Amino acid sequence: MAKGDPGASTRGRRAAPRSRKAATGDPELVQLLTPTGERIESVTGPDGTEYRVDFTDEEYRGLYRDLVLVRKLDAEATALQRQGELGIWASLLGQEAAQVGSGRALRTQDMAFPTYREHGVLYCRGIDPIMPLGLFRGVDQGGWDPNEFKFNMYTIVIGAQTLHATGYAMGVAMDGKTGTDDGEAVIAYFGDGATSQGDVNEAFVWAGVFNSPLVFFCQNNQYAISEPLERQTRIPLYRRAAGFGFPGIRVDGNDVLATYAVTRHALDNARHGQGPSLIEAYTYRMGAHTTSDDPTRYRIASEVEAWQAKDPIARMKAFLEREQIADSDFFAEVDEQARREAIELRERVLAMPNPEPVTMFDHVYPNGSPLLDEQRAQFNKYFDSFEGSTH
């Protein structure tokens, strides 16, 4: 998988791609890969930071593989919901580069706090893709060990995870785990709509005041469910960071290379004790907010088509072809792997056993309680009353 150093010099194997300075207008964003697949060697951000990546050919191909596999697994989950096998699903379609780029920028010791849509980050942290599907199928609580994978469980309440991340990051600093190259950093994911929540703004306050080693990663996919961005803010979201006393930057969220470079830089600053920062990954939700949503009611087809031209997978493929890093055999092999893994995921979902209703009481308290025992007994009595009934 990709492990390149965004601060390293380029190898010069090919004709050197161009460099540029980030635009000073609006939108102002860091981009290392254009929508047509043209590579930009380096970009100087508004604060003078130079962003670049220096991956091997295998690492570039690995990023492309990540993007394709994550999209295919996500599409399979959407299909499962449409067929009645999942209760709901929140697709990441269109946001693969933001998630894979930031997910691969995390080091082993870093901790991530997701929403309910970070399937790509989950994949990059090595968690079995079946894990969240148990939650959305309603057969378990969708749990994994956050400490094992350094990835917290999905959070449904909008913005709540930013406070959890802030508290965790404060603990990291208090434990003396920052200040070195091996220091620990924390990342909190949320959407543009969450920036209107009190929890997120409170997290900004606490993280800034306590200089917490935390990267706030906002995936600005242009819509808070059906509300467009202009109803959320009068200024670009990344500029809000200045009001809380820490830096903010906007990155092309459909560019996996730029997302990686910007996130790795922010995480390294955090782990060295330089405090929090805000990344606004400027991207687009190509599908519905969730499978219970109908995006055709609040956005027009021409807008979707315009963003399709910026597709993160298409631009990475164009880059690989342009630089002769991958050929048709490689692309076919990746597609076949994605197909196999999607089929396997489907089979595993369908094989999930339905839990007995009474098991809802099993993990409420670690040691049980008399009140819980009474409730369990009452439920069992009620449930047994249906035995032999046609209902």
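In this predicted model, Asp 110 pairs with Arg 271 in a salt bridge whose closest N and O atoms sit 2.8 Å apart. The pair links distant parts of the chain, with Asp 110 in the loop between α2 and β4 and Arg 271 in helix α9 (residues 256-271), 161 residues apart. Neither partner is out in the open: Asp 110 and Arg 271 are both buried. They don't act as an isolated pair either, since Arg 107, Asp 110, Asp 268 and Arg 271 are linked in a network of salt bridges.

Side chains of opposite charge can pair when their charged atoms come close. The count for this model comes to 21 salt bridges. One of them joins the side chains of Glu 85 and Arg 137, at 2.8 Å from N to O. Glu 85 belongs to the loop between α1 and α2 and Arg 137 to helix α4, so this bridge ties together parts that are 52 residues apart in sequence. Glu 85 has a relative accessibility of 26%, so it counts as partly exposed. A local example is the bridge between Asp 373 and Arg 376, where the closest N and O atoms are 3.1 Å apart. Both of these residues lie in helix α13 (residues 370-384), just 3 residues apart, or about one turn of the helix. Asp 373 is partly exposed, with a relative accessible area of 42%, and Arg 376 is partly exposed too, at 22%.

Back around Asp 110, the neighbouring elements can be followed along the chain. Helix α2 (residues 96-105) is mostly covered, with 10 of its 10 residues buried. Among them are the charged residues Glu 96 and Arg 104, along with Ala 97, Val 100 and Gly 103. Met 111 lies in strand β4 (residues 111-113). Its relative accessibility is 2%, so Met 111 counts as buried. The C-alpha atoms of Met 111 and Pro 213 are separated by 10 Å, although the two residues are 102 apart along the chain. Another buried position is Thr 290, in the loop between β10 (277-282) and α10 (301-308). Thr 290 counts as buried because its relative accessibility is 10%, under the 20% cut-off. From Thr 290 to Phe 151 the distance is 22 Å, C-alpha to C-alpha, with their positions 139 residues apart in sequence.

What about empty space inside? Rolling a probe the size of a water molecule over the atoms shows where empty space is left. The search turns up 1 cavity of 30 Å³ or more. The largest cavity has a volume of about 130 Å³. It is lined by 13 residues, and the closest to its centre are Leu 73, Asp 74, Trp 89, His 119 and Pro 129. Helices α1 (57-82), α3 (119-124) and α4 (130-137) each supply at least two lining residues, and α1 gives the largest share, with 4.

On the outside, Met 174, Val 205, Trp 206, Val 209 and Phe 210 make a nonpolar surface patch of about 540 Å². Helix α7 (residues 198-209) gives the most to this patch, with 3 residues. Phe 210 lies in the loop between α7 and β6 (214-220), and it is partly exposed, with a relative accessible area of 42%.

As for annotation, an unreviewed UniProt entry places the feature "domain: Dehydrogenase E1 component" at residues 67-357. That span is 46% helix and 11% strand, and its end C-alpha atoms lie 38 Å apart.

Technical notes: Residues are numbered from 1 along each chain as its sequence is written. This is a predicted model: local features need pLDDT of at least 70, side-chain atom pairs count only at pLDDT 80 or more; totals for chains, interfaces and linings use all residues. Side-chain values use heavy atoms; hydrogens and water are left out. UniProt positions are given in the numbering used here, feature names are shortened, and annotations may be inferred rather than shown by experiment. Patches are made of residues with over 30% relative accessible area and no salt bridge: like charges are joined within 9 Å, nonpolar side chains (Val, Leu, Ile, Met, Phe, Trp, Tyr) within 5 Å. Accessible areas come from the Shrake-Rupley method with a 1.4 Å probe; for residues, only the protein chains shown count as cover. A salt bridge is a side-chain nitrogen of Lys or Arg within 4 Å of a carboxyl oxygen of Asp or Glu. Buried means under 20% relative accessible area, exposed over 50%, partly exposed in between (1.4 Å probe, protein chains only). On a 1 Å grid over the protein atoms alone, a cavity is a set of points where a 1.4 Å probe fits but cannot get out, and a pocket is an open set with protein on both sides within 12 Å along at least five of seven lines; lining residues have an atom within 4 Å of a point. Grid points are joined across faces, edges and corners, and a volume is the space filled by probe spheres set on the points.
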